[in-house]
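Visitor: I have a structure open and would like to go through it with you. Can we start with the strands?
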Amino acid sequence: VKGGAALGAGALVTAALAGFFMVQVRRRLRELAGHAQAIQEGHLSRRLPLSSRDDELDELAACFNRAFGEIERLMDGMRHVSSALAHDLRRPLIALGNTLESALAAAPPDSPLQGSLARLREQTEALLHTFASLLRLARLESSGLPATTGLCALDEVVRDAVELYGALAEHQQRQLLAELQPVRVRGDRDLLFQLTQNLIENALAHGAGRVRVSVAAEGELARLRVSDEGAGVPASALERIFDRFYQVDESRPAGSGSGIGLALVRGIAEAHGGTARAWNGETGLVVEVTMPCSRGAVSS
């Protein structure tokens, strides 16, 4: 009887130790998974934490950290190359644009040459706009927000952008609808305006039907959401549409857009301590930006 009791007690102790060990392992794995998810979402400077135990999980985490470090190095190299190209190519493009402008002024009115020169000038301006966006994105990624940031009314910024694009929506025989609640954030007004412009432009260029723009406060977060009534994007593309130069060929007309607009949206959102995400709604694509709300008076 005593031997059986001892065996039973030993089994209980073993089961308790095994259960405790499994709880610790699960907790550790959840922690590692959370950090890995943050890295996957674009926070490439994050690393998986290591414990003082130096066990197999630490070896695995260290292996992943080396891989994440190499990925971050390659991404930084790609950003540096794209920014350097954008900077170096702007000057000859500006010169080309000026030359085209002079040639367009000298061309005979209503001639085929004038039409060709006008199209070349538009394409040159589009390239300059792309390069300017690349440079702004590079500055945000390297330096963050400008020092001139202050409190501003996000709803007023968005209202200005909606009014600006109202005529374009009417020209497309579409509706641009706004539902804006008063929300204050700390940030750069010009950057927030560009973020909103890019979201509306994306919906008008690649979506269909009505475009809805909303601003609201949810707890401590400000939410800016833009949706359309188009076909949306394939589920496999939703994780990549914020990558620079990425275009969804299956749902977008050939040659439309540079693949920088939504990348700049994410860059501006993250510089303001926020996030950008997208999903397919019941009708069309929904893009949402969230950032911390602020209290106090709006900067003049």
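Guide: This is a predicted model. Strand 6, residues 275-280, is joined to strand 7 by six bridges, and the two run antiparallel.

Visitor: Which residue stands opposite Arg 277 there?
Guide: Glu 288 in strand 7 stands opposite Arg 277.

Visitor: And what links strand 6 to strand 7 along the chain?
Guide: The two strands form a hairpin with four residues between them. Gly 284 sits in that turn and has a positive phi of about 85°.

Visitor: What about strand 5, how many bridges join it to strand 7?
Guide: Seven bridges, again antiparallel, with strand 5 covering residues 221-227. Arg 223 is the residue opposite Thr 290 in strand 7.

Visitor: Is strand 7 largely enclosed or open?
Guide: Strand 7 is largely enclosed by the rest of the structure, because seven of its eight residues are buried.

Visitor: OK, cavities. How many of 30 Å³ or more are there?
Guide: The search of the whole structure finds two. The second largest has about 30 Å³ of space.

Visitor: Which residues line that second largest one?
Guide: Leu 199, Asn 202, Ala 203, Val 226, Asp 228, Leu 285 and Val 287. By class, that lining has five nonpolar residues, one polar and one charged.

Visitor: Which element has the largest share of the lining?
Guide: Helix 5, with three residues. Helix 5 spans 189-206, and strand 7, at 285-292, also supplies at least two residues of the lining.

Visitor: Leu 199 is in that lining. Where else does it turn up, say in the largest nonpolar core?
Guide: That core has 45 residues, and Leu 199 is among those with the most contacts inside it, along with Val 213 and Ile 241. The elements giving two or more residues to the core are helix 4 (154-171), helix 5, strand 4 (211-218), strand 5, helix 6 (261-271), strand 6 and strand 7.

Visitor: Which of them gives the most?
Guide: Helix 5 gives the most to this core, with eight residues.

Visitor: Change of topic. How many disulfides does a search of the whole structure find?
Guide: Zero.

Visitor: And the cysteines, say Cys 63: how does it count for accessibility?
Guide: Cys 63 counts as partly exposed, because its relative accessibility is 42%, which lies between the 20% limit for buried and the 50% limit for exposed.

Visitor: Cys 152, buried or exposed?
Guide: Cys 152 has a relative accessible area of 6%. Buried means under 20%, so Cys 152 is buried.

How values were computed. Residues are numbered from 1 along each chain as its sequence is written. This is a predicted model: local features need pLDDT of at least 70, side-chain atom pairs count only at pLDDT 80 or more; totals for chains, interfaces and linings use all residues. Side-chain values use heavy atoms; hydrogens and water are left out. A disulfide is a pair of cysteine sulfur atoms within 2.5 Å. Buried means under 20% relative accessible area, exposed over 50%, partly exposed in between (1.4 Å probe, protein chains only). On a 1 Å grid over the protein atoms alone, a cavity is a set of points where a 1.4 Å probe fits but cannot get out, and a pocket is an open set with protein on both sides within 12 Å along at least five of seven lines; lining residues have an atom within 4 Å of a point. Grid points are joined across faces, edges and corners, and a volume is the space filled by probe spheres set on the points. Ala, Val, Leu, Ile, Met, Phe, Trp, Tyr, Cys and Pro count as nonpolar, Asp, Glu, Lys and Arg as charged, and the others, Gly among them, as polar. Two strands pair if DSSP finds at least two bridges between them. A nonpolar core is a set of buried Ala, Val, Leu, Ile, Met, Phe, Trp, Tyr and Cys residues joined through side-chain atoms within 4.5 Å.
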